[in-house]
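Colleague: I am new to this model. Please take a close look at its charged side chains, say how each one is placed, and then set out the sheet for orientation.

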Amino acid sequence: MANTPHGGILKDLVARDEKISAELKEESHSLPGIVLTERQLCDLELITNGGFSPLEGFMNERDYTSVVETLRLADGALFPIPITLDVSRETVERLSMVPGARITLRDPRDDEPLAIFTVEDVYTPDRVKEAINVYGADDPAHPSVSYLRNRVQDLYIGGKVQAIQPPSHFDYVALRYTPSELRSHFKKLSWRKVVAFQTRNPMHRAHRELTVRAARQRQANVLIHPVVGLTKPGDVDHYTRVRVYEAIMAKYPNGMGHLALLPLAMRMAGPREAVWHAIIRKNYGATHFIVGRDHAGPGKNSQGKDFYGPYDAQDLVTQYHDELQIEMVPFQQMTYLPSTDEYQPVDEVPKGVQTLDISGTELRRRLRTGAPIPDWFSYDAVVKVLRESYPPRNKQGFVLLLTGLHNSGKDNIAKALQVTLNQQGGRSVSLLLGETVRQELSSELGFSAEDRHLNAQRIAFVAAELTRAGAAVIAAPIAPHERSREAVKDIVLQSGGAGANFFLVHVATPLAHCEKSDRRGLYAKARRGEIKGFTGVDDVYETPEKADITVDVTKQSISEIVHSILLLLETNALL
């Protein structure tokens with residue numbers, strides 16, 4: 001029998017509003033609309049299908065403040081992650097977002113109306129407190145803190161939603177279950193105990209052994225429930241991962257396991273996220289939930305230390321056990337015993353017995369170099385999928401973002417790099433010069449901070465598409481602001497697939513030299529006031545904080561600079 005939903009009632013808003021969905025859709029055409037971000041789209045899907053029960057909308061200020069401060073909604077219900085709808089001040093004013101206003105929420109992929117949102121309040125979040133309380137620190141090394149700082153808009157709007165229709169999916173449709181559908185599936189198969197396994201990574205033999213062992217000890221079945229929404233930048237894309245999951249499901253005992261996909265936008269919030277994941281799996285009907293070591297941890301902070309302790313997540317889930325009403329299964333670190341050809345928990349291996357392991361870093365190295373991956377670690381079918389999606393490093397694409405003042409030499413460096421990389425062969429090489437992009441992609445944009453930022457985002461989109469296809473991309477805009485450079489990096493890391501290799505080159509040629517050697521006289525025009533917003537004159541150039549390499553044409557020749565950049569690529573095994 002499936003577990004009781006969190007709060008006692010599954011808030012399936014799609015089913016609830018089905019009788020009036022046609023009326024809602026008709027109404028949506030006459031309402032102002034918001035096109036959702038990818039994260040907001042994931043959140044809305046899990047609000048409307050009941051995965052976020054007991055939520056019926058995006059949190060108002062009372063719920064938001066309470067969740068940030070106490071891990072509870074204003075009514076006292078346990079809920080550890082703020083689910084918010086962020087909008088710009090301009091959008092609030094333009095759409096007259098006052099309490100009672102009705103807004104259409106639209107799918108960013110096809111502009112289809114998904115829900116009607118009724119505004120309860122508009123409020124300014126305390127983003128520093130949100131970062132510290134929810135993620136543990138206001139540290140931009142945390143991907144969600146970086147997202148909070150750079151991509152979240154100024155205001156949050158709270159209110160409930162009415163569902164018009166769920167988002168359409170064209171990939172792995174047979175594996176996408178709503179909570180109601182998965183509960184019905186468990187009932188049909190008479191599954192009374194279900195152990196849910198959360199993952200955002202490929203699975204290997206150790207994961208299979210871990211989940212089978214957990215199920216057998218509890219006389220239960222296994223739900224492999226991977227995240228296919230937003231995950232951590234740099235993670236393996238969900239298309240590859242799902243093919244891996246499909247391959248590994250064939251290795252489970254007949255009838256033991258089931259694969260279903262979860263459209264969740266992860267926050268990498270460690271302990272809070274583990275409690276959140278437990279609530280979601282409870283809503284999907286699971287009775288047990290595996291919580292791993294450093295569950296949903298994002299890695300190292302700015303000081304090089306882990307954001308969370310290895311068992312903080314397990315401790316917090318245990319603390320709320322009585323309210324969660326889902327049994328936690330502690331993740332057991334598994335290791336391979338070659339003498340018996342089996343996996344055992346590390347703490348159960350007798351002293352002196354030989355064990356073998358391959359770290360994530362070592363696995364990535366073997367995939368990159370083509371080195372063999374032993375069958376005791378992973379299955380041939382899994383390795384085949386990974387090798388298809390992740391070619392060796394010297395076949396992967398990459399992006400070089402050259403930033404510097406006008407006439408700093410960045411364009412000449414970019415052109416020389418293009419020639420040199422073309423000479424080496426092996427990849428197509430694309431050159432995105434600032435002025436060319438302005439003419440071809442951004443001719444309507446000016447030079448305000450926002451227009452510059454939008455131009456950088458367009459460059460990033462093109463660069464990510466090209467590098468995902470294995471191209472070398474050399475982009476050379478001025479990109480004077482740190483926010484824009486970080487946005488370019490984030491887009492490439494999130495969308496570049498196997499080509500998500502990004503390097504920032506600061507062409508630090510001094511302003512005096514740039515101005516003195518400016519044959520076009522643009523600096524002189526800017527000094528006379530004939531050009532407004534000119535970088536270095538009446539617009540500041542923010543020196544990059546974390547350039548991968550810094551060069552200067554007053555100290556190095558173009559050839560020497562090109563050679564140093566090639567050495568950077570060689571060091572990262574990309575040549």
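Modeller: A residue counts as buried when its relative accessible area is under 20%, as exposed when that area is over 50%, and as partly exposed in between. The model is predicted. With those cut-offs, take D107 to begin with: its relative accessibility is 1%, so D107 is buried. D107 has a salt-bridge partner in R109, and the closest N and O atoms of the two are 2.6 Å apart. R109 is at 46% relative accessibility and is therefore partly exposed. This bridge thus joins a buried acid to a partly exposed base.

The pair K410 and D411 has the reverse arrangement. Their side chains form a salt bridge at 3.2 Å from N to O. Here the base is buried, since K410 has a relative accessibility of 7%, while the acid D411 is partly exposed at 25%.

These are among the 29 salt bridges found in a search of the whole structure. Another is the one between R16 and E56, whose closest N and O atoms are 3.2 Å apart. This pair links distant parts of the chain: R16 belongs to helix α1 (residues 13-16), E56 sits in the loop between α3 (38-48) and β2 (57-58), and 40 residues separate them. R16 has a relative accessible area of 41%, so it is partly exposed. R16 and E56 also belong to a network of salt bridges that takes in K11 and D17.

Which buried acid has no salt bridge? That is D121, for which the nearest side chain of opposite charge, R62, is 8.1 Å away. A salt bridge needs a side-chain nitrogen of Lys or Arg within 4 Å of a carboxyl oxygen of Asp or Glu, so a nearest opposite charge at 8.1 Å does not qualify. D121 lies in strand β6 (residues 121-123). A polar atom of its side chain is 3.0 Å from the backbone nitrogen of E61. Setting aside neighbours within four places in sequence, D121 is in contact with N60, E61, Y156, I157 and G158.

A histidine is worth adding. H6 is in the segment before α1 and is buried, at a relative accessible area of 5%. A polar atom of the H6 side chain lies 2.7 Å from the backbone oxygen of L78. Not counting residues up to four places away in sequence, H6 touches S53, P54, L78, I279, K282, N283 and E323.

Now the sheet. Five strands make up an open sheet, in the order β10-β9-β8-β11-β12, with parallel pairing. β10 (257-259) and β12 (327-330) are at the edges with a single partner strand each, so one side of each has no neighbour in the sheet. From one strand to the next the twist averages 25°. Within the sheet, β8 (residues 194-197) and β11 (residues 288-291) pair in the parallel sense over three bridges, and F197 stands opposite I290 in β11. Helix α9 (residues 205-218) packs on the sheet, in touch with β8, β9 (221-224), β11 and β12, and its direction makes about 155° with that of β8. Helix α11 (residues 271-283) packs on the sheet as well, touching β8 and β11, and its direction makes about 155° with that of β11.

Technical notes:
Residues numbered from 1 in each chain as written. Predicted model: local features only at pLDDT ≥ 70, side-chain atom pairs only at ≥ 80, totals over all residues. Heavy atoms only, no water. Helix = DSSP H or I, 4+ residues; strand = E, 2+ residues; numbered from the N terminus. Buried < 20%, exposed > 50% of the residue type's maximum accessible area, 1.4 Å probe, protein only. Polar contact = N/O pair within 3.5 Å; in protein donor to acceptor, adjacent residues only side chain to side chain. Contact = heavy atoms within 4.5 Å. Lys, Arg positive; Asp, Glu negative; His and termini not counted. Pairing = 2+ DSSP bridges. Axes fitted to C-alpha atoms, helices over the stretch in contact; angles between N-to-C directions.
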